[in-house]
Amino acid sequence: MITDERKKFLEKQGYRIVGNHSAIKTCHYCSTAMKGNDVCYKNTFYNIASWRCIQATVTLDLCNLRCRWCWRDINYGTTNGTMFTDKPQDIVEGLISEHKNVLMGFYGNKNIIKERLQETMEPKHIALSLTGDACLYSKLPELVDEIHRNNMTSFVVTNGTITPMVKKLINHQPTQLYITLPAPNKETYLKMCNPISSNYGWENILESLYLLKSFKRTAIRLTLVKNMNMFNPEEYALHLADKEFNFLELKSAMPIGDAKYRMEYSEMPTHEEIKKFAEKICSINQWKIIDEKPESKVVLVMKEDREDRFLKFDIN
Ligand code: SF4
């Protein structure tokens, strides 16, 4: 349960709290897109309209890993999950309502494209990517169903260590499931992600990555930091080679939020460095760089490009 003091602190940082363990934070690209300026890389790669997307979490402050590059305060962990009591329907209603409340503030702003502002009042996407690991929420499958019942798409990002929940999602598939591969090997994983218990081992991540073949639309994410996990591309390539997935994203970690206390600015890879690392993996696995967004220091790798990587605004 979030204390009042913590709640105030998070609200000052731009979070809007929903119920007992969920929140939204309006993404920078939501406001720039409303002005007709830059969009998020998910808009560029997959046609997720940035101004209609809610960046959210259902596990605020709570995660079972303590990654060095995480932007949350990793001193907040989690216990046994019994604090996750909120109902999926209440969460989805609350996320939409808070999103609208925040964006109402743009009415009267002359720099905004009016039609886009109207569209923000009918959001079409929820990305559970803000902070914490969504798989800790025991009703995640029902939540995904609830998002779709609201005629919205769902992007779920997980660290893959809670394999039983990944298995449950096979029957309640998010529009796009992301699993992060945080390191080229077990030793680096343990050192850099420091799981809160031995139940969240490297082997769980590998098992979850194998499960991706049972999902319709999937992405593997590499969040890279120089000196921490951005080495041994051959090992990454080996782990990726026998997994079945649609998209591979390589992205630079940013020293923002609490990450700035754990990583130096100089450890943030440049876009060119991310691209070179992607090229090494591609040269081993015969994949291709399909798209890129230098402003976000991210590249998209696929075996072959497909027209359906661009989502249409209907569900499933
Ligand atoms: S898995 Fe994600 S939320 Fe959890 S500590 Fe790592 S970066 Fe942060």
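**Two helix–helix packings**

Helix 4, spanning residues 88–104, packs against helix 6, spanning residues 140–149, at an angle of about 50°, and the two axes are 9 Å apart. Because angles of 65 to 115 degrees count as roughly perpendicular, those under 35 degrees as roughly parallel and those over 145 as roughly antiparallel, with the rest being oblique, helix 4 is oblique to helix 6. The structure analysed here is a predicted model. The crossing of helix 4 and helix 6 is right-handed.

On the side of helix 4, the contact is formed by Pro88, Gln89, Ile91 and Val92, which meet Glu142, Leu143, Glu146 and Ile147 of helix 6. By class, the residues of this contact comprise 5 nonpolar, 1 polar and 2 charged.

A second packing involves helix 10 (residues 233–241) and helix 11 (residues 271–285), whose axes are 9 Å apart and enclose an angle of about 50°. Helix 10 and helix 11 are therefore oblique to each other. Their crossing, that of helix 10 and helix 11, is right-handed.

Helix 10 contributes Pro233, Glu234, Tyr236, Ala237, Leu240 and Ala241 to the contact, and these residues meet Phe277, Lys280, Ile281, Ile284 and Asn285 in helix 11. The contact of helix 10 with helix 11 divides into 8 nonpolar, 1 polar and 2 charged residues.

Conventions:
Residues numbered from 1 in each chain as written. Predicted model: local features only at pLDDT ≥ 70, side-chain atom pairs only at ≥ 80, totals over all residues. Axes fitted to C-alpha atoms, helices over the stretch in contact; angles between N-to-C directions. Helix = DSSP H or I, 4+ residues; strand = E, 2+ residues; numbered from the N terminus. Left-handed = near helix turned anticlockwise from the far one by under 90°. Contact = placed C-beta atoms within 7 Å. Nonpolar A, V, L, I, M, F, W, Y, C, P; charged D, E, K, R; others polar.
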